[in-house]
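Reader: Please set out how the descriptive terms for this model are justified, each against its cut-off.

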Amino acid sequence: MRRSSSTIGVPIKNIERELICPICKELFTHPLILPCQHSICHKCVRELLMLNHEDSFDAGSECSLPSSPRSRVPSPSMERLDRIVRSGSISSPGWRKGSVTPRITTIHCPGCQHDIDLGERGISMLFRNFTLESIVERYRQAARAAVAIMCNICKPPPQEATKSCMDCKASYCNECFKLHHPWGTPKAQHEYVGPTTNFRPKVLMCPEHEMEKVNMYCEVCRRPVCHLCKLGGSHANHKVTSMSSAYKILKEKLAKSIHYLISKEDQVRTQITDLEQLISQTEENGQLAEREANEHFDHLFETLQERKSEMLRSIEQSRSRRLNQLKSQVEEYQGMLENSGLVGYAQEVLKETDQSCFVQTAKQLHVRIQKATDSLRTFHPAADPSFDEFVLDTSKEETLLKEMCFGGVPEPPLIDLSNSHVYNKASISWRLSDDHLPTDHHLVEYCRRGAPCEDSEDSGVWRSTDRVYGPSTVVCDLEPNSLYSFRVRTCRNSMFSPYSPEIMLHTPPAPAFGFLFSDKCGFSAERLILNKQRDVVDSVAGMAFLLAAERVQTGSYIPLDYIIGDTGISQGRHYWAFRVDPQSFMVKVGVASDSKLIEWFHNPRDTSSPRYDHDSGHDSGSEDTCYDVSQPFTLLTVGMGKIFIPKASSSSSVSSTSMPSAEPGNRVLPMPQRLGVCLDYEACRVCFYDADTMRCLYERQVDCSGTMYPAFGLMGSGRIQLEELITTKKLTF
């Protein structure tokens with residue numbers, strides 16, 4: 001008899017964290033493997049898909065309440081449930097029979113935090129994780145070691161089971177096992193293990209083809225498949241390997257990884273100790289920084305309180321002084337009213353007729369009268385009631401307090417590659433950390449990287465821009481066809497951050513050529529959609545395209561829909577860049593002369609014939625024989641996420657240094673995110689570039705006898721978008 005055995009280096013009780021479902025936070029129950037390779041309980045996947053809608057399928061599954069432990073109820077056989085779901089006898093979650101509402105097949109994986117699309121068949125396309133089920137069962141057995149599994153065959157009272165048969169899906173004591181698995185019978189070859197309640201199928205079946213065993217492993221999707229999946233299913237074009245080979249490779253990798261982790265146990269323990277020390281230091285330093293900040297604020301409050309007391313004291317002293325002066329003046333004028341008898345006395349003195357007696361009395365009286373008269377004529381308050389000189393302006397101080405921050409070195413910024421581009425000028429964007437403190441300004445530095453043999457004055461010399469107060473800037477005066485390094489640093493309180501990691505950007509080989517799509521010359525409004533800005537064109541495979549495809553049976557082929565730039569080139573070197581949607585069916589990009597365009601627009605060529613022009617990308621014999629001839633156009637084929645390089649030519653008109661080898665596999669390259677085209681009118685040469693790296697993909701001679709236009713051809717669904725610099729028709733961003 002065959003016995004399954006496994007060796008566990010780590011005690012089973014120590015791996016509980018790996019056996020917990022991230023949804024229900026309990027041990028896995030019938031786990032399913034998602035396309036992202038994370039596992040979730042079968043019922044949890046269904047609950048995610050159901051979106052709180054009841055389904056009859058859940059009547060026999062486990063239920064849970066948020067405020068109480070999960071109660072255990074008998075669940076139907078998983079094999080039976082899988083058969084029911086695949087047969088369609090019950091509806092999938094989010095789908096009602098006869099409903100036109102699309103069913104929900106997307107769930108959010110809590111492991112990788114991505115939305116996972118389960119496809120049209122939903123749960124039925126997922127594999128059960130039998131290995132994880134077995135480990136969970138062994139863990140449960142270790143957790144309830146005192147609870148014995150009883151024999152399913154014994155008459156009451158049953159004996160304790162000593163082994164379980166994976167073929168019979170039953171547990172036996174020694175006597176019953178011998179009785180039901182006698183020597184010399186087919187049952188003697190059954191696979192048995194230690195006592196268990198988890199019986200999994202002996203053979204893993206394909207979820208897409210229920211009657212087929214999985215015998216291959218898809219390296220693209222990283223899942224087992226059957227031979228029908230490879231022959232004509234969803235894995236037809238994927239790279240697959242045999243199950244034995246995949247088993248051997250994955251097992252070796254896993255064993256090496258486990259061995260590496262075990263061998264690094266001391267290192268891990270040391271790192272854990274270091275991390276614990278860092279945690280302690282972080283706690284202590286945080287508390288110290290908090291105490292110091294409180295002390296600084298307390299000192300600031302004390303200084304502010306002292307200054308407040310001094311200024312209020314000044315106001316009080318001024319107020320008291322002015323009140324005393326005004327009160328004294330009031331008393332003086334009050335005395336003038338009280339001395340009204342002085343006037344009567346003076347009038348009586350005026351009646352004196354004896355001159356000597358009058359003079360003797362009137363002299364002193366006149367002084368008193370004159371003083372009162374002068375006081376009335378020159379009346380002024382003794383004090384100003386206004387306190388304008390005590391108005392306090394705290395706007396500057398408030399601004400300083402609001403901008404008050406820690407005086408540490410700011411963190412370095414990070415240049416945003418997705419929003420940084422270079423032409424004749426470079427547009428550099430960067431971002432700061434989410435919890436960054438306010439900054440004063442930024443400085444952008446750039447350096448030209450010359451070849452080892454190149455002797456240039458500015459090669460290797462860092463230059464800096466003016467202060468930048470935003471998250472981006474434009475760097476001017478860059479040399480064409482040169483490699484530049486860029487870096488950024490931040491300044492706060494006169495302290496500069498470290499430099500950001502450097503990025504390398506390559507300037508185009510020629511000045512940027514600005515244009516928009518032309519909506520007049522040969523533009524097909526039936527199959528092409530041009531936006532208002534005329535910088536994006538979409539090809540729609542609508543009814544017109546379908547009718548044209550129908551005519552293929554009668555020998556009339558489907559033509560390309562051409563669109564050109566609204567500006568022509570008659571001299572000089574020019575460069576432009578654009579994006580082609582990776583899902584585009586077929587797109588032609590390049591240049592064409594005005595005479596050739598007139599020919600195309602008045603006499604469309606067939607595109608389904610592989611010999612319709614000299615750059616079709618097909619391996620036709622006529623294409624090879626006349627490829628050496630310089631034509632008034634050159635178009636490169638792009639589509640389905642690929643770029644197709646035409647065959648190499650023995651003629652010198654085609655560059656042999658920049659082109660891949662002539663092998664068919666080497667002529668099909670992944671499509672770059674951005675494509676660039678450079679036309680040298682005087683040299684009669686056109687080059688195609690990966691606009692992100694400025695790597696030349698293909699170049700050849702072109703007949704520039706007339707005015708040359710940027711030309712594009714589309715067939716089927718597709719989209720082309722011009723770069724922002726190109727659409728501005730200026731050499732600025």
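Reader: What makes strand 35 (residues 708–715) mostly covered?

Author: In strand 35, 7 of the 8 residues are buried, buried being under 20% relative accessible area, exposed over 50%, and partly exposed in between (1.4 Å probe, protein chains only). The model is a predicted one, in which local features need pLDDT of at least 70, side-chain atom pairs count only at pLDDT 80 or more, and totals for chains, interfaces and linings use all residues. Residues are numbered from 1 along each chain as its sequence is written, and side-chain values use heavy atoms, with hydrogens and water left out.

Reader: How do you know that strand 28 (residues 586–593) pairs with strand 35?

Author: Strands are DSSP runs of E with at least two residues, and helices are runs of H or I with at least four, numbered from the N terminus. Two strands pair if DSSP finds at least two bridges between them. Strands 28 and 35 share 8 bridges in the antiparallel sense, with Gly590 as the bridge partner of Ala711. Strand 26 (residues 561–564) also pairs with strand 35 in the antiparallel sense, over 4 bridges; there Asp561 has Leu714 as its partner.

Reader: Which side chains of strand 36 (residues 718–722) are buried, and why do they alternate with the others?

Author: Gly718, Ile720 and Leu722 point to one face and are buried, while Arg719 and Gln721 point to the other and are not. The reason is general: in a regular strand the side chains alternate between the two faces of the sheet. Strand 36 pairs in the antiparallel sense with strand 25 (residues 536–539) over 4 bridges, where Val537 stands opposite Ile720.

Reader: Why is Glu219 called partly exposed?

Author: Its relative accessible area is 38%, which lies between the limits of 20% and 50%, so Glu219 is partly exposed. Glu219 is found in the loop between strand 12 (216–218) and strand 13 (223–225). Not counting residues up to four places away in sequence, Glu219 touches Lys239, Val240 and Thr241, contact meaning heavy atoms within 4.5 Å.

Reader: Why does Phe297 count as partly exposed, and where is it placed?

Author: Phe297 has 36% relative accessibility and therefore counts as partly exposed. Its place is in helix 7, which spans residues 265–338.
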